[in-house]
Amino acid sequence: MLGTTQSWKSKLLGLLLPLFGVAVIVGLWALTSQTWAKALPSPLKTWEVSLPYLVEPFAKRGELDQGILRFTWYSLERVAQGYTLALLIGTPLGFLLGMSRVFQTVFDPIVQILRPVSPLAWLPLGLVIFQHPGPAGLFTIAMCSMWPTVLNTALGVRSVPQDYLNVAKVLRLSRTKTLFKVMLPAALPYMFTGFRLSLGIAWLVIVAAEMLTGAPGVGGFLWQEYNALIYEHIILCIITIGLVGFILDRIMGAIEQRLKVD
Amino acid sequence: MALLELREVEKSQGQTHVLARASLGIEKGEFVAIVGFSGAGKSTLISLLAGLTKPDAGEVLWQGKSVTAPGPERGVVFQNYSLLPWLTAFDNVYLAVDCVLSDLPKLEKVRRAERYLAMVGLSHAQDRKPAQLSGGMRQRVALARALAADPEVLLMDEPLSALDALTRASLQDEIERIGRVSGKTIVLVTNDVDEAILLADRIVPLSAGPSAIFGPSYDVEIPRPRDRRALNHDPKFRLLRSQITQFLLDSRQTRRSSTLPSSLPVGELVGAMS
C-alpha cells in the first residue's frame, strides 16, 4: 500500500516538476519582455498572435501564410529527403571505413575535417553546384547530418565480435552473406545510434537551409516573419521546431531501445 | 594416411611462442581429447586445425592436402558458443544447413535443422533467441549447428568449460552418445582429465606453455558406453588419470624451474594427484 502511494506521488512529481520548469522560463520571458527587451513579445501576446496558426494548423491562406503544422510538414518532407540521402551515402561509407584499414587511412582525415563544417557554409556551395535552392538544401542537410551515421557505422563494423566472423568463415559464408547475415545485424545497434544523431542534426539544419533559400517551411516562415516584424511567430516557430525535434528523437530512441534488447 | 594431421607446426602469437614442433595425426572415426592447462595453446590448436589461423612453420593437412582456409568438412564448436544473438536457435542451425548444404530443397533443410535440434533435446526451445537460453542450452544449439552441417570431423574447443558441473555432466553424456552413434571423428580440447577419459578413445596431453609440446598418446581402453559412476572405481581409469595428471604437472614443474628458481610446493602436487 505504502509502495503504491509513493510511486503515485513520484509520478505526480515527475509531471509537476517539468511544468514548474516551464513556468519559470515563461516567467523569465515575461519579465524580460516587460523590462530590458521591449521588442520581445510577451508570452500572452505570442499566444494571441499565434492562435490562428494553431487552431487551423493546416490552413493555406497563401504561399507564405499557412498553418504551423502545414509548414512543419513541408520541413519534415525536406528533412526526410536530405536525411535519406545522408543514410544512403553514410551507411556504405561507414561500412567501408570500418572494414578496410586502407580505406580508413585514406578517408578518415577528410571525414574529420568535413564533419565540423557548418550548414551555413555548405549551402552557398550547394547553390553554386546545383543552381537551385531545392537540391542545394538537400545537399546541405545530407552533408551535415551524415557524419554520425558514417562514424557509428564504422565503429559498429569494427566492433563485430571475431567469434561471429569465425562462425561465418567456418560455414564458408560468401562475402555478401557475411555482410548481410552477420556484420549488418551485429553492427545495427551502433548504426542506429548514428541514425538517431543524424536525424537530430538534419532537423537542426532545416532552419538554416530554409532561411537562406526562402523555401516554405517552419524555418522559412521564421525568417519571413522576422522580416515582416511579426516577432511572435519567431517564438512560435522555435517552440514548434523544438517540440518536433524532441518527438523525432523520442521515436528514434524507442526503436533504438528495441534493437538493443536482443 | 591420417584424416587430419599437424606436421611440425610452429605457432607464435605476438611475443609468445605458443606451439613448438607440434605433430599429431587424427585417424578417421577416432575421438581424440587434447588435455592441457589453461593458456597452454589449446584454442590456438583448434584454430589451426579449423584453418582459422595459419601455422608459422610446418603444415596442417586434411587427407594429405594442406589446409589453408576453414571448410565445412571441419565443424567447430566454440568455447563461448558463438551463436548469433539476433537469430533464434532454429535460425542459427538453419543458417549453417543453408550455407553448407545449399543444394538441398528448402523443406529438407528445415527438416534437417529441426532434426538436429531435436537430437540435442531443444525442440521446445527452437524459437527462442540465445539470450533466452541457459549456457547449457546455448552449447547444445552450437553442437546442433555444428552437426547439422554434416562435418567429417568435429573440433570442440573447451565446449563445456563455461558450464556448471551438473549441466557439464549431462552434456558430456550427450557428446559421448553423439560420438558413439554418429561415428564422427571428434577432436575435443579440454582442461579436465576426467572428461577426456570419459569421452575419448585417445588422449594427448599438451605440456604447459609457452612453447607447448605434445606428450605421449594414451589410449583409453575402457569399453563404451562408459558409466561415469563406475568409472571412479575402474583401475584403468585411475591409472590413466594419474599418468596424465603427472605428465601435465611435471611439464609445468619443468617450465617453472626453468623460468623461476622456486619450485611447486609438494602439497599441491599430491593434492592434485589423489
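**A helix face in chain B, and the build of chain A**

Trainee: Which exposed residues sit on the face of α5(B) turned away from its buried side?

Mentor: Helices here are DSSP runs of H or I with at least four residues, strands are runs of E with at least two, and both are numbered from the N terminus. A residue is exposed if 12 or fewer other C-beta atoms, placed from the backbone, lie within 10 Å of its own, buried if 20 or more do, and partly exposed in between. On the face of α5(B) turned away from its buried side, the exposed residues are L166(B) and V181(B).

Trainee: Before we go on, what kind of model is this, and how is it numbered?

Mentor: Residues count from 1 along each chain as its sequence is written, while chains are lettered from A and ligands numbered from 1 in the order in which they are written. Local features need pLDDT of at least 70, side-chain atom pairs count only at pLDDT 80 or more, and totals for chains, interfaces and linings use all residues, since this is a predicted model.

Trainee: Where do the buried residues of α5(B) lie around its axis?

Mentor: The buried residues in α5(B) are L171(B), Q172(B), I175(B) and G179(B). An α-helix has 3.6 residues a turn, so residues three or four places apart point the same way. The arc, taken from the directions from the helix axis to the C-beta atoms, is only 115° for the buried residues, which puts them on the same side of α5(B).

Trainee: What covers those buried residues of α5(B)?

Mentor: The cover comes from chain B, where two residues are in contact if their C-beta atoms, placed from the backbone, lie within 7 Å. It includes β3 (31-35), α4 (135-148), β8 (185-190) and α6 (193-199).

Trainee: Which element gives the largest share of the side of chain A that touches chain B?

Mentor: Chain A puts 13 residues into the contact and chain B 19 residues. On the side of chain A, the elements giving two or more residues are α7 (162-170) and α8 (175-213). The largest share, 6 residues, comes from α7(A).

Trainee: Is chain A spread out or compact, and what is its radius of gyration?

Mentor: Chain A has 10 helices and 2 strands. The globule rule, 2.2 Å times the number of residues to the power 0.38, gives 18 Å for 262 residues. Chain A is well over that, so it is more spread out than a compact globule, with a radius of gyration, taken over C-alpha atoms, of 23 Å.
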